[in-house]
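Here are my notes on the model you asked about. Please read them with the structure open.

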Amino acid sequence: MSGLTLNLLLAVVWMLLAGEVSTRELVIGFLLGFGILALFPRALGSGGYVRRTLAGLGFVGFFLRELTVANVQVALFALRPHPPLNPMLVAVPLRLRRDSAQTLLVALVNLSPGTVVMGFSADRRTMYAHAIGNASPRAARDSILRVEDRLLRVFSPGPAPQNPSPEASP
């Protein structure tokens, strides 16, 4: 049984034990169920589900912070008479292989002000992006790789693979 199914089952059991069928009891049961799954991951086989869920919550916090910083940076650029835009094109070697994960990465990078994904290489192992406001191409590439690192924690069943060498990218 998958972790999410077990968590939903625990939430429904809690709701029935509480004697009230409501969204509030379902949410409370879901949170209690998640706590039980987190406390006994080996016995319930829910280690991967708990890890990916916590990584997803961490990613949401990380991305909201990155999005806020990027918005403030672009707003400050708009207020300056001669902003240091430093427009550049960067090639970012990717470790994400699934189409859905790469699509999510593109959407998230495009949501960040100052960066636009232009496309992928034919083998989809390199992403090309336009960026402004970074000191160097390496800084622009690293900012995209930080988002990819967080996504790898959510999408990978095991530990995140290491960064490929930037010199190996075209």
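The points below go from the sheet to the cores, then to the surface and the charged pairs.

1. Status of the model. This is a predicted model. Please keep that in mind for every point that follows.

2. Strand 1 in its surroundings. Strand 1 covers residues 88-93, and five of its six residues are buried. It is therefore largely enclosed by the rest of the structure. Its partner is strand 3, residues 126-131. The two pair in the antiparallel sense, over six bridges. To find the register, start at L89: its bridge partner in strand 3 is H130.

3. The other side of strand 3. Strand 2, residues 115-120, is joined to strand 3 by five bridges. This pair also runs antiparallel. Here V116 stands opposite H130. H130 is thus a useful landmark: L89 is its bridge partner from strand 1, and V116 faces it from strand 2. When you look along these strands, recall that side chains in a regular strand alternate between the two faces of the sheet.

4. The hairpin. Strand 2 and strand 3 form a hairpin with five residues between the strands. Check the backbone at R124 in this hairpin, where phi is positive, near 60 degrees.

5. The largest nonpolar core. How many residues does the largest nonpolar core hold? It has 24. F59, V90, L105, M127 and I144 touch the most other members. Five elements give two or more residues each: helix 4 (47-79), strand 1, helix 5 (99-111), strand 3 and helix 6 (137-155). Helix 6 gives the most, with six residues.

6. A second core. A separate core of five residues also exists. Its members include L6, F34, L37 and Y49.

7. F59 up close. Which residues does F59 touch, leaving out those up to four places away in sequence? They are L108, V147, R150, L151 and V154. One of these, R150, is an arginine, so do not read the list as purely nonpolar.

8. A nonpolar patch on the surface. V12, L16, V21 and L26 form this patch. Together they have about 360 Å² of accessible area. V12 is found in helix 1, residues 3-18. Is V12 buried, partly exposed or exposed? It is partly exposed, with a relative accessible area of 35%.

9. A18 and G29. A18 also lies in helix 1. It is partly exposed, at a relative accessible area of 39%. A18 and G29 are 11 residues apart in sequence. In space, their C-alpha atoms are 9.3 Å apart.

10. Salt bridges around R24. The model has six salt bridges. E20, R24 and E25 are linked in a network of them. The side chains of E20 and R24 meet at 3.6 Å, N to O. Between E25 and R24, the closest N and O atoms are 3.1 Å apart. The two acids differ in burial: E20 is partly exposed, with a relative accessible area of 34%, whereas E25 is buried, at 8%. E25 counts as buried because its value is under 20%.

11. Another charged pair. R65 and E66 also meet in a salt bridge through their side chains, at 3.7 Å, N to O. R65 is partly exposed, with a relative accessible area of 47%. That value falls in the partly exposed class because exposed means over 50%.

Methods
Residues are numbered from 1 along each chain as its sequence is written. This is a predicted model: local features need pLDDT of at least 70, side-chain atom pairs count only at pLDDT 80 or more; totals for chains, interfaces and linings use all residues. Side-chain values use heavy atoms; hydrogens and water are left out. Patches are made of residues with over 30% relative accessible area and no salt bridge: like charges are joined within 9 Å, nonpolar side chains (Val, Leu, Ile, Met, Phe, Trp, Tyr) within 5 Å. Accessible areas come from the Shrake-Rupley method with a 1.4 Å probe; for residues, only the protein chains shown count as cover. A salt bridge is a side-chain nitrogen of Lys or Arg within 4 Å of a carboxyl oxygen of Asp or Glu. Helices (H or I, at least four residues) and strands (E, at least two) are DSSP runs, numbered from the N terminus. Buried means under 20% relative accessible area, exposed over 50%, partly exposed in between (1.4 Å probe, protein chains only). Two strands pair if DSSP finds at least two bridges between them. A nonpolar core is a set of buried Ala, Val, Leu, Ile, Met, Phe, Trp, Tyr and Cys residues joined through side-chain atoms within 4.5 Å. Contact means heavy atoms within 4.5 Å.
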